[in-house]
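Trainee: I have a model open and would like to know how the terms we use for its contacts are justified. Could we talk it through?

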Amino acid sequence: MGQLKATEKLERLLSMIPWIMDNDGPTMKMVAKRFGYPEDLLLNDLTKVLFMVGPYPHTPDTLIEVLVEDGRVWIGQADWLARPIRLTPEQGFSILRKAKAMDLIIGEEDGKELRSAIVKLEASLGQNRQTFGVDIPELRNNVWLAIDDAIEMQTQLEIDYYSYSKDQTSTRIVHPIQLLNRDHNQYLYAYCETASDYRLFRLDRILVAKSTSHGISVPEESLETFSDNGMWNLAELNNLITLKITTEDSWIVSTYPVERVVTTNDGFIEVDLYVTGIAWLKRLLLRLKPETQILKAPEHIPYDLARQAAQSIVDRYKV
Amino acid sequence: MQTDMTSRKLERTLNLLAELLNAESPKSAAELKTRVGMYPEDKAAFRRTFDRDKNALRDMGVPLEIVPVPGTNPPVDGYIINKSDYYLADLNLSPAELRALNLASSSVEVLDGLSETEAIRKLGGYEENTASNVIQFPNSDDEKLSKLFDSITHRRTVDFVYGDKNRTLEPWRLEFTTGRWYLTGNNAPEMKVKTFRVDKISDLIPNDNAGEYDIPDNPPSVNLKPWSYGEGEGIETTIRIDKNLLAWARTSLDTEIEIDENGSGLAKVDVNNKEVFFARMALLLDHAEIIDPLEMRNEYLKHMSRFTEVPDGST
C-alpha cells in the first residue's frame, strides 16, 4: 500500500471531494490518478475514514456518505466540502506564473483555453493582465520555435551563432538536447559538431536556426546530460587581468566575479578579474572611464585594448 | 500501525474542520474537544494534538481565526472559519481550460521554485501528463514574490529596504521580463511611480490593512531602457546595426528593428540620457552606427575620442 502523510492525504481529499461530487460517480482509478492518491489507500480512506467524518453529533444524518460500487465512487451529505479551499498566495502566484509563461509559446488558436483560464484565475486572485505580467523576449521569435521543434522531433539544427566573447559569427551543426535557464538567460544545450563537444548557446545570440532532416546522433562516447559543474569555471580560461579603475567604476566589483580588490594610495581601485574573451573585455573597457589602466594581462591581450576598440568604432564613421 | 495512526489523525482533523465549517459562532477549544470527540483526555496532550491539527489546517491555507467566544467573561478564545475566505470561488473551468493549465504546469519548470501541484488539484487535478518541460524560469525568491503578489491582490502597502534606503510602496504591478522580476508602484511619501528589482528588495513587510489604495487601469510596465530615463521628450535616434548583432540588439535595445535589403537593421530609440545610451552603444562595438541626428552622431564620436586620445599609460 502506497504511503502518504496525514497532511498530504488531507490536502488531496479536500481538493478531490468537490470534484467527485461534481462528476457523478467517477472511477476510483481516475480519481487516484488525477489527485495523486494511491488507489488502495484511496479505497481505505474513503470507506474507513471519510465515512466517519461529519459535524457533531456524528449521527448517520450528519456523517459524509461514501458509496463505492463497481469501481466508481459517489460522495454525498458533504455540502460543507463541496468547494475546495481557496488558493494560497503562493499557489495563486505559482500557477499564474506558469500559465502566463505558457501563453508566450502557445499559438493563437491553441492558446484560447489557456487564455480564458488565465482570465478566470486572475479574477479569482484579484489580479489582471495589468498587475501581473510575464515576458521572455527570447521566446518571441522563430529561432525558439525552430529549436523547440527540433528538440521534439530529435533532429539536428544548423545555427548561425554570434560569440559575444570572441565577436565572431559562425555556422554550426548542433544536436539539440534541451532548453534551459542559467544566470537569468535562456540557453540551448546541444552537442556541437564544430567543437566536437557539448556547448551552451544563448538564445539571443542565435541569429538563425534552421531545421535539418537529419536525426540527432551524438557519438556514444560523448553522451552526457547537462550539469552545472564547471559550467562557469572561469579560472580554466587562464585570462586573469589586473585593472586600475576609478572609484566611479567600482560597480564592476559587484557585477562581475572578481578575484581581488584593493584601494590604492592614489585613490584608484585595483581589481583582478577573469575575462571570457577579448571582445568581452573591449565592451567592459569602453563602459569604464578612459583613465582605466590594464596593469597586468596575458600576452594576447594588448594593454591599449580600449583605445583600439574605440578607434575601430571611430573608423566605421569615416567610411 | 503507522497507517492506523495516520488514518486516525486524518479523521480527527477532518472532524475538526467539519465542526469549524458548520459552526455559526466561534467555538472554544474545550467545546471543539467535546464535539470532535477524538482528542486525548489529558490536558497537555490535548493541547499538543489540537495545536498540531490547527497548524495542519492553517498550512493548507484554511483561514482559521481566533476571536473571543461571545458572552464569556473573562474572554475565552474561540475558533472560527470565515466561510467567504475559505472557499475557492467557483472558477467554472471547462475541462479544456483545466487541460491547458495542466499543460502549463508540466511545460514550464521553475528552478527551485514553489510547486503549483496543490493549486492544480484544487482546480480539478491532473489529466494525462501531456508534456515535458520546455521553458525554464530562473531561481527566484518565491516567498518574497508571493508576498508581493498577495499585497497587490489585497491592495496592501509594503515596506522594504532597497539600496540601503527604507521604502514604502503601493505595489501596482509584478512583472517578469528579461530574466528578472520587477515591482512597480507608487512610492511614498512623494507618491512617484517607481520600479524596483525584486531580487534587490530586502526586509519586506506587507502592511496588515487591505484595500488601502486603488491601482490605476494601466499601471506602467517596467522600463528597461535606462537611456530613456529623464524629463521631457527624448531625442529620436536612428542606429544602423550589422546583421550579426541584430538578434542580440533586439533584446538589448528592447525595440523593433527594421531590416533593410542588405540584411542590416535600422532601430529607432528615444534618448534622454546620452551617457547611458553611449554605454549601451559601446556594447555593439563597431557593428553599429548612429545615423541620425547628426549632433548625436558627433557627440558619440567625441565620447569615443576620449579613449583614442588618452595619455600614455592608460588603456
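Mentor: Gladly! This is a predicted model, and we can begin inside one chain: between domain 3 of chain A and domain 4 of chain A there are 4 residue pairs in polar contact, both residues at pLDDT 80 or more.

Trainee: Which classes of residue make up the side of domain 3 of chain A that touches domain 4 of chain A?

Mentor: That side has 2 nonpolar residues, 1 polar residue and 2 charged residues. In terms of contact, 5 residues of domain 3 of chain A meet 6 residues of domain 4 of chain A.

Trainee: How many salt bridges does the rule find across the interface of these two domains of chain A, 3 and 4?

Mentor: The rule finds 0 salt bridges there. The area buried between domain 3 and domain 4 of chain A is about 440 Å², with carbon and sulfur atoms giving 50% of that area. The domain centres, taken over C-alpha atoms, are separated by 30 Å.

Trainee: Where do the two domains lie along chain A?

Mentor: Domain 3 covers 138-230 and domain 4 covers 235-316. Ahead of them come domain 1 (6-81) and domain 2 (89-135).

Trainee: Now for the two chains. What makes B:Arg121 and A:Glu11 a salt bridge?

Mentor: Set the distance against the cut-off. The closest N and O atoms of B:Arg121 and A:Glu11 are 2.8 Å apart, and the rule asks for a side-chain nitrogen of Lys or Arg within 4 Å of a carboxyl oxygen of Asp or Glu. The pair therefore counts as a salt bridge. Across the interface of chain B and chain A, the rule finds 7 salt bridges, along with 45 residue pairs in polar contact, again with both residues at pLDDT 80 or more.

Trainee: Which element gives the largest share of the side of chain B that touches chain A?

Mentor: Helix 1 (residues 2-22) of chain B does, with 14 residues. By class, this side of chain B has 59 nonpolar, 30 polar and 28 charged residues.

Trainee: How is the size of an interface often given?

Mentor: As the accessible area lost when the parts come together. For chain B and chain A, the buried area is about 10,500 Å², and carbon and sulfur atoms give 63% of it. The contact takes 117 residues from chain B and 114 residues from chain A.

Trainee: Why are strand 3 of chain A and strand 7 of chain B called a pair?

Mentor: Pairing needs at least two bridges, and 3 bridges join strand 3 (residues 132-134) of chain A to strand 7 (residues 165-177) of chain B, so the strands pair. They run parallel, and A:Val134 has B:Phe176 as its bridge partner in strand 7 of chain B.

Methods: Residues are numbered from 1 along each chain as its sequence is written. Chains are lettered from A and ligands numbered from 1 in the order in which they are written. This is a predicted model: local features need pLDDT of at least 70, side-chain atom pairs count only at pLDDT 80 or more; totals for chains, interfaces and linings use all residues. Side-chain values use heavy atoms; hydrogens and water are left out. Contact means heavy atoms within 4.5 Å. Buried area is the accessible area (1.4 Å probe) that two parts lose on being put together, summed over both. A polar contact is a pair of N or O atoms within 3.5 Å; within protein, one must be able to donate a hydrogen and the other to accept it, and residues adjacent in sequence count only if both atoms are side-chain atoms. Helices (H or I, at least four residues) and strands (E, at least two) are DSSP runs, numbered from the N terminus. Ala, Val, Leu, Ile, Met, Phe, Trp, Tyr, Cys and Pro count as nonpolar, Asp, Glu, Lys and Arg as charged, and the others, Gly among them, as polar. Domain bounds come from an automatic or database domain assignment.
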